[in-house]
Amino acid sequence: MATYQLVEKHVIEHHNEYYEVRTTEEDKEPRSLFFSTNEENLEDVAADIVADHMPGVKKWTVIPHRKDS
């Protein structure tokens, strides 16, 4: 089971590195969830988040957000 922490959009500035999973279905408006996790299992975590929090979504992408030092 993947380990992740969902992050509210208004508090992402406190994280050095976080990810966004965004829906990419053409017939629907995009939705996003932000999360932090270990990068090694990023795709598995994103798939778990979609399954847990966006049931029925078939198309999605992961967008990394990293703060510059």
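This is a short talk through the fold of one protein and the surroundings of one of its threonines.

Let me begin with the caveat that what we have here is a predicted model, so I will start with confidence: the mean pLDDT of the protein is 85, and 87% of its residues reach 70 or more. If we go element by element, helix α1, residues 42-53, has the highest mean pLDDT, at 94, while the lowest, at 84, belongs to strand β1, residues 5-7.

On to the overall layout. The protein has 1 helix and 4 strands, and, reading from the N terminus, the elements come in the order β-β-β-α-β. In space, however, the 4 strands make up an open sheet whose order is β1-β3-β2-β4, with antiparallel pairing. The edges of that sheet are β1 and β4, the latter spanning 60-66, and each of these two strands pairs on one side only. From one strand to the next, the twist averages 35°.

If you would like to look at one pairing in detail, take β1 with strand β3, residues 32-36, where the two strands run antiparallel and are joined over 3 bridges; within that pairing, Gln-5 has Ser-36 of β3 as its bridge partner.

Where does α1 lie with respect to the strands? The helix lies across β1, β2, β3 and β4, and its direction makes an angle of about 120° with that of β4.

Now to the threonine I mentioned, Thr-23, which is found in strand β2. Is Thr-23 buried or exposed? Its relative accessible area is 7%, and because the cut-off for buried is under 20%, Thr-23 counts as buried. Setting aside neighbours within four places in sequence, the residues in contact with Thr-23 are Glu-29, Pro-30, Arg-31, Met-54, Val-57, Lys-59 and Trp-60. Arg-31 deserves a second look in that list, since a polar atom of the Thr-23 side chain lies 2.8 Å from the backbone nitrogen of Arg-31.

Let me finish with some totals for the whole chain. Of the 69 residues in the protein, 30% are buried, and the protein exposes about 5,000 Å², of which carbon and sulfur atoms supply 46%. As for contacts, if we take those between residues at least 6 apart in sequence, 61% join residues that are at least 24 apart.

Conventions: Residues numbered from 1 in each chain as written. Predicted model: local features only at pLDDT ≥ 70, side-chain atom pairs only at ≥ 80, totals over all residues. Heavy atoms only, no water. pLDDT = per-residue confidence, 0-100. Pairing = 2+ DSSP bridges. Axes fitted to C-alpha atoms, helices over the stretch in contact; angles between N-to-C directions. Contact = heavy atoms within 4.5 Å. Buried < 20%, exposed > 50% of the residue type's maximum accessible area, 1.4 Å probe, protein only. Polar contact = N/O pair within 3.5 Å; in protein donor to acceptor, adjacent residues only side chain to side chain. Areas by Shrake-Rupley, 256 points an atom, 1.4 Å probe, with all protein chains shown as cover.
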